[in-house]
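Please look through the sequence and the structure shown below before reading on. The report that follows begins with a single residue and then widens its view step by step.

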Amino acid sequence: MRLDGKGLPIVAVSTLTTAGLSGRGLGRRVFESNHPLPSEIDAPAPSRPEDVRQRKLMSRAAWFSTLVMRGALTEARWDEGRAEIGAFFGVGASGAEMDEVARLVAASMEDGRFSLARCGREGLDACNPLFAFQIMNNFTLCHGAILEGLGGPNAAFFSRGSGTVTALEEACASINAGACERALVGGADTALHPVTMAELEREGFLRQGLKPAEGAAALAIAATAEAPLGYVEAVRVFPVDRPRGALVPRTGVLRDAAVPAAFDALEDQPCDVVVLAPWGAPAREALMDLPEMLEAELSVDASLSLGESLAAAPALAWALALDLLVHLDKPRALVLSAGPDGDLGAVVLGKGGA
Amino acid sequence: MGARRAVITGVGAVSAFGVGYEALANGLAAGRSAVGPIRSFDARTFPTRVAGEVPIEKTNALFLEKHRGVLLHVGEAGTWEESGLLRDRKVCFGLVAAAEAWRHARCGTAERKGALSIGLGLEQAFLEDLAEELDEGEIRVGAGDLAGGEGVRFRSRVDLTAEKIRSVVGLSGRVAVHASACAAGGMAVAHAASLIERGAADAVLCGAADSMVNPLGIGGMSRLGAPSPRAEPSACRPFDRRRDGLVVGEGAAMFVVEEESRARARGAEPLAVIAGYATTQDAYRATAPRPDGSRALAAMERAVRRANLTPADVGYVNAHGTGTPLNDPAEAKAIRALFGDVPTSSIKGAVGHLMAAAGAIELAACLLAFTRDLLPGTAHFEEPDPECPINVIGPKPLAKRVDYVLSNSFGFGGQNVSVLLGRPR
């Protein structure tokens with residue numbers, strides 16, 4: 001989707017990484033090699049009474065999402081009319097607390113084996129009755145929307161990369177169609193959940209250099225704004241062919257798809273900054289020649305600094321690129337994400353006047 | 001609205017009435033309910049023992065090969081079964097419904113450039129596999145040696161069904177997986193229409209699949225107190241004064257949605273026009289819908305406005321109608337406020353609550369209004385509730401010709417979607 005004119009204004013940004021919760025500075029920290037390595041994030045604990053209550057129903061990613069949504073709303077100073085603000089997020093896998101699952105399973109064991117009969121009789125009673133709310137994927141979006149009163153158009157896309165780019169595209173489409181004038185868009189996820197780690201291992205991603213991480217980012221975008229941080233000029237998901245049954249495309253195929261995708265997204269306009277978000281070594285190899293082909297002044301591999309946080313990765317890369325544009329006073333950046341879902345996401349960002 | 005209109009040209013369904021859209025349509029047309037005792041696992045000790053269960057005990061390669069036909073490669077389903085992929089029932093239901101819709105619309109090579117927009121429920125966790133890793137009260141899973149052995153699956157990924165449909169049908173367009181709980185199916189269809197209208201796609205395979213008829217799904221819902229405590233086929237009674245909860249269902253409904261002029265040019269026959277749609281958020285509580293129904297009302301209002309219609313143009317509302325004490329009065333207030341006395345029903349008493357696939361199966365049910373001039377009934381509705389002051393169609397369907405129908409889906413967490421279908425010209 002190519003946005004008309006300068007694009008859709010980005011009014012605010014909020015990120016949660018190993019460097020903490022912040023509005024700006026992600027690009028500069030990464031550019032100056034001053035960003036803490038990806039690891040488990042020491043997220044701020046809930047302090048407001050309503051947060052404390054609701055946190056018990058939240059997965060880790062849902063809490064991350066709430067924090068960045070609140071951060072973006074605060075920076076945007078969107079205190080009024082929240083019932084009409086939209087929310088579009090890429091969300092990840094179920095983030096069930098393993099302790100809850102273990103309690104349920106342990107109470108369902110009989111003679112050393114899992115017993116369905118015992119599960120029904122005793123196992124279910126051993127876990128939190130509201131456990132189901134923790135595991136619903138869309139609650140990564142909904143908890144933040146509830147706590148911040150966002151009642152506008154919305155969608156939660158399951159994401160291992162391109163779902164988050166779809167969220168941005170749908171937020172832009174929603175604003176363009178007049179369904180809302182303002183929206184929060186982003187992603188929140190943790191690849192450090194034990195079951196997700198097992199999944200990534202079994203799928204072969206860890207062996208190929210995927211560095212599991214966690215994080216969240218939210219952008220506040222609007223139909224109009226004075227002196228915005230930047231603009232979304234174009235956003236698009238590019239599906240990439242893969243052999244039948246394969247999770248991801250071959251490296252050469254991804255490379256061949258990335259070049260036209262980049263030029264298509266840019267529509268022949270020059271690009272000063274390229275931010276890449278490849279999930280691991282094969283994707284990195286596929287994308288590595290792009291900055292030179294695009295004659296970009298600067299390129300950054302977001303995944304090397306931030307790791308692979310699945311649904312959060314593209315949104316963190318957008319925030320990083322936006323910050324670089326502001327910090328280095330450059331006009332345009334291309335963000336190309338290639339997550340473990342195998343597809344490409346291309347987002348073109350322009351510098352604003354803030 | 002622009003000149004591009006989205007039309008439905010193919011439909012496929014898997015429900016408690018059986019495999020195939022005709023099974024669903026005939027079951028609803030007969031005013032029957034397909035809710036019954038759970039058979040796919042031994043639920044005798046579970047608080048909930050009835051469901052709108054698809055009438056097969058095991059989803060496996062045999063089931064797929066029987067219903068998938070030529071789209072599967074030889075031995076493919078067997079490989080999936082061996083690696084445990086088919087233990088997640090929604091994978092099979094989604095594949096079968098997608099194939100039926102694809103064939104119904106007589107799609108060919110050109111449509112393979114199309115997109116996929118699908119609503120899917122949460123991951124199915126396999127408790128018996130997790131139990132193997134239980135060690136002194138902790139489940140030890142993770143990277144390396146903790147990732148499990150051959151055939152072990154701790155859970156099935158949310159987008160597994162989408163991955164398989166994309167691969168088997170051979171779609172080369174974009175893929176979107178809606179994870180919006182019970183609103184996901186409606187949202188996936190609305191998204192498909194949006195892609196068509198703005199020229200981002202010419203054809204979209206869309207819909208939803210889900211199954212929570214498994215120990216953790218049924219058990220988790222029971223712990224929330226959402227299902228009716230009565231283990232009877234009549235457990236779910238939407239809008240009835242005696243309603244006391246939902247019944248979990250399972251299945252899938254998939255549609256081929258195309259740009260109208262392109263569809264007609266290739267000889268496809270539209271079953272319905274997707275005339276309008278809108279989403280809102282309750283932004284109220286994680287555990288309950290907004291009691292005044294105001295954000296649900298906003299979604300319905302906006303869907304009508306987007307279709308350039310007035311509420312009086314809408315001849316039937318297919319309600320979310322879960323049969324829970326809290327949902328039905330809130331939704332009824334909103335329906336009454338916007339549409340007055342419009343005939344309204346919920347099919348959840350007949351097929352159960354299909355969760356992520358609810359919106360999709362209910363849109364499939366809405367097609368009866370155009371194909372048979374029938375408005376589906378509300379199974380087990382007997383005693384009107386003053387708290388739900390709307391014109392509820394009783395257990396038998398209502399024979400009536402209408403030109404526009406609206407379907408609501410409201411998700412846990414407060415996500416609301418309304419989709420408005422029109423009779424094709």
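## One residue and its neighbours

In this predicted model, V275(A) touches V300(A), A302(A), A317(A), L320(A), A321(A), A333(A) and V335(A), when residues up to four places away in sequence are left out of the list.

## The largest nonpolar core

V275(A) also has a place in a wider grouping, for the largest nonpolar core has 300 residues, and V275(A), A321(A), A253(B) and V257(B) are those with the most contacts inside it. Helix α14 of chain A, which runs through residues 313-328, gives the most to this core, with 11 residues.

Where does this core lie with respect to domain 1 and domain 2 of chain A? Domain 1 (8-97 + 131-222) and domain 2 (230-351) of chain A both give residues to the core, and therefore the core lies between them.

## The two domains of chain A

The domain assignment of chain A sets out domain 1 as 8-97 + 131-222, and domain 2 as 230-351. The C-alpha centres of these two domains of chain A lie 19 Å apart, and 48 residues of domain 1 are in contact with 41 residues of domain 2.

On the side of domain 1 of chain A that touches domain 2 of chain A, the elements that give two or more residues are β1 (8-17), α1 (26-31), β3 (86-91), α8 (162-176), β7 (182-190) and β8 (214-222) of chain A. Of these, α8(A) gives the most to that side, with 8 residues. Sorted by chemical character, the residues of this side of domain 1 of chain A divide into 22 nonpolar, 18 polar and 8 charged.

## Chain A as a whole

Chain A has 14 helices and 13 strands, and along its principal axes its C-alpha trace spans about 65 × 50 × 40 Å. A compact globule with 354 residues would have a radius of gyration near 20 Å, and chain A, with 20 Å, agrees with that value.

Of the 354 residues of chain A, 62% count as buried. If one considers the contacts in chain A between residues at least 6 apart in sequence, 80% of them join residues at least 24 apart.

## Chain B as a whole

In chain B there are 14 helices and 20 strands. The radius of gyration of chain B is 20 Å, which is close to the 22 Å that the globule rule gives for 425 residues, so chain B is as compact as a globular protein of that length. Along its principal axes, the C-alpha trace of chain B spans about 60 × 50 × 40 Å.

Buried residues make up 66% of the 425 residues in chain B. Among the contacts in chain B that link residues at least 6 apart in sequence, 80% join residues at least 24 apart.

## Where the two chains meet

How many residues does each chain bring to the contact between chain A and chain B? Chain B brings 64 residues to this contact, while chain A brings 63 residues.

On the side of chain B that touches chain A, α5 (127-131), β8 (138-139), β10 (175-178), α7 (184-197), α8 (215-224) and β13 (272-281) of chain B each supply at least two residues. The element that gives the most to this side is α8(B), with 7 residues. The residues on this side of chain B divide into 31 nonpolar, 21 polar and 12 charged.

Conventions. Residues numbered from 1 in each chain as written. Chains lettered and ligands numbered in written order. Predicted model: local features only at pLDDT ≥ 70, side-chain atom pairs only at ≥ 80, totals over all residues. Contact = placed C-beta atoms within 7 Å. Helix = DSSP H or I, 4+ residues; strand = E, 2+ residues; numbered from the N terminus. Nonpolar A, V, L, I, M, F, W, Y, C, P; charged D, E, K, R; others polar. Domains from an automatic or database assignment. Rg over C-alpha atoms; globule rule 2.2 N^0.38 Å. Buried ≥ 20, exposed ≤ 12 C-beta atoms within 10 Å, placed from the backbone. Core = buried A, V, L, I, M, F, W, Y, C linked by C-beta atoms within 7 Å.
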